[in-house]
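I open these entries to record what I looked up in the structure shown below.

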Amino acid sequence: MTRIIAAAVLALCAAFPARAAIDIQEVTTPGGFTAWLVEERSIPFVALELRFRGGASLDAADKRGAIHLMNGLLEEGAGDLDAQGFSVALEELAAEFSFDVADDQLAISAKFLTENREEALALLRSVLLEPRFDPAAIERVRGQVLANIASAMKDPDDISMDAFDRIAFPGHPYGSAYEGTPESVTALTRDDLIAAKDRVMTRDRVYISAVGDIGADELGPLLDDLLSDLPEEGAPFPDPAGFNAPGGVTVVDFDTPQSVVTFGQAGVGREDEDFFPAFILTQIIGGGGFNSRLMEEVRRNRGLTYGIYAGIYAMEYTDMILGRVSTVNDRVAETVAVVREEWEKVAEDGVTPEELDRAITYLTGAYPLRFDGNERIANILVGMQMDGYGIDYPLTRNDRIRAVTLEDVRRVAAERISPDDLVFVVVGEPEGLEASN
């Protein structure tokens, strides 16, 4: 019965009404950790988010895929509990843990009821400090990873993105898949996984947020107990990646009736004074919905595809504008030409007042809807910390967008949009399209 009630509470929290304004507290623990907290006492539930900066980019040079495989094993037993015992313990506590890794971060999300808080955090502490990495679990998860890699090697979407990364970021971790290769993953040992954990899950790169039924005086000691015994420092961060792809077209032959096109150029980082104008500009060029220029011209006017998008990707070690489109092989050349034409138009002519007003209305109206539950808020808050935004960002973000002028966007379009540097990676059998790279 307790688990049934708990499930109902978690479902209610997931559907919690959107909050236009939230009260964020900055909590500094006795042990020196900093966390952002939104205290919400209406439901006896807490969402805790931990992020470790660096993520899979911290793999040792000859151990690609180690952090990804290690992350997949974090729920496969810890301390005295093997994989089955760990799963049973989570279920009995009506708690949920999730683990995710990407190029720039490793994320651990926890949800638990107030009445089970101490037990749930004790279980999470064992994950952070005593993951078992049992041989049977390693081989099982390794098999899953190898199967996923094999599948990706046959997927034109994955092939296109991987080829784009290799061209844009040679010699950098971004230039290779963080899942690793069949050879690198097969060679990983248990000692490699232990070392991988200590490269990324450390005190010096953790970011923390908590939302729910907990106060600042309670949160501080709990976090110290949870995190203080982690290694002090992790592996060195990679150097900046830049964006090194030459403009032009690369074709990867692949037997498929429809080609996948990944396209992009260097972008604008969040710390750049032009970020908000560039953010609005890319919404106009290729943002979601049917109002973007690319959707209007490529889909609606020409009928070349069902969908196309482009947007800013501000990453830890590089910034880019990245887009994706798929179309039948005999219309790829036309699609690539239209995308390039739209790039040229916006660079030369900028945008219209109507486009700017429409983009600002959409971006400011959609933002409050993101704050629709404890878990989502915790996720947003820890992301804000990693991006270097202040604690007042949810209150000032829309004002920053509304402050962008037509002249700002037109200037950024002229200075930052570069048709000659636009990179296209096409996977398929495109007709009438010549590769230039």
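I looked first at the pairing of E1 and strand E2 (residues 34-39), which is antiparallel and runs over four bridges. Strands pair if DSSP finds at least two bridges between them; helices (H or I, at least four residues) and strands (E, at least two) are DSSP runs numbered from the N terminus. Glu 26 stands opposite Trp 36 in E2.

I note that this is a predicted model, in which local features need pLDDT of at least 70 and side-chain atom pairs pLDDT 80 or more, while totals for chains, interfaces and linings use all residues. Residues are numbered from 1 along each chain as its sequence is written, and side-chain values use heavy atoms, without hydrogens and water.

I then traced the open sheet of six strands, whose order is E1-E2-E8-E3-E7-E6, with mixed pairing. Strand E1 (25-28) and strand E6 (96-101) are at the edges with a single partner strand each, so one side of each has no neighbour in the sheet.

I turned next to the second largest pocket, which holds about 850 Å³ of space. A pocket is an open set of points on a 1 Å grid over the protein atoms alone, where a 1.4 Å probe fits, with protein on both sides within 12 Å along at least five of seven lines; lining residues have an atom within 4 Å of a point. The volume is the space filled by probe spheres set on the points, which are joined across faces, edges and corners. Its lining has 32 residues, and Asp 158, Asp 162, Asp 165, Ala 177 and Glu 179 lie nearest the centre. H6 gives the most to this lining, with seven residues.
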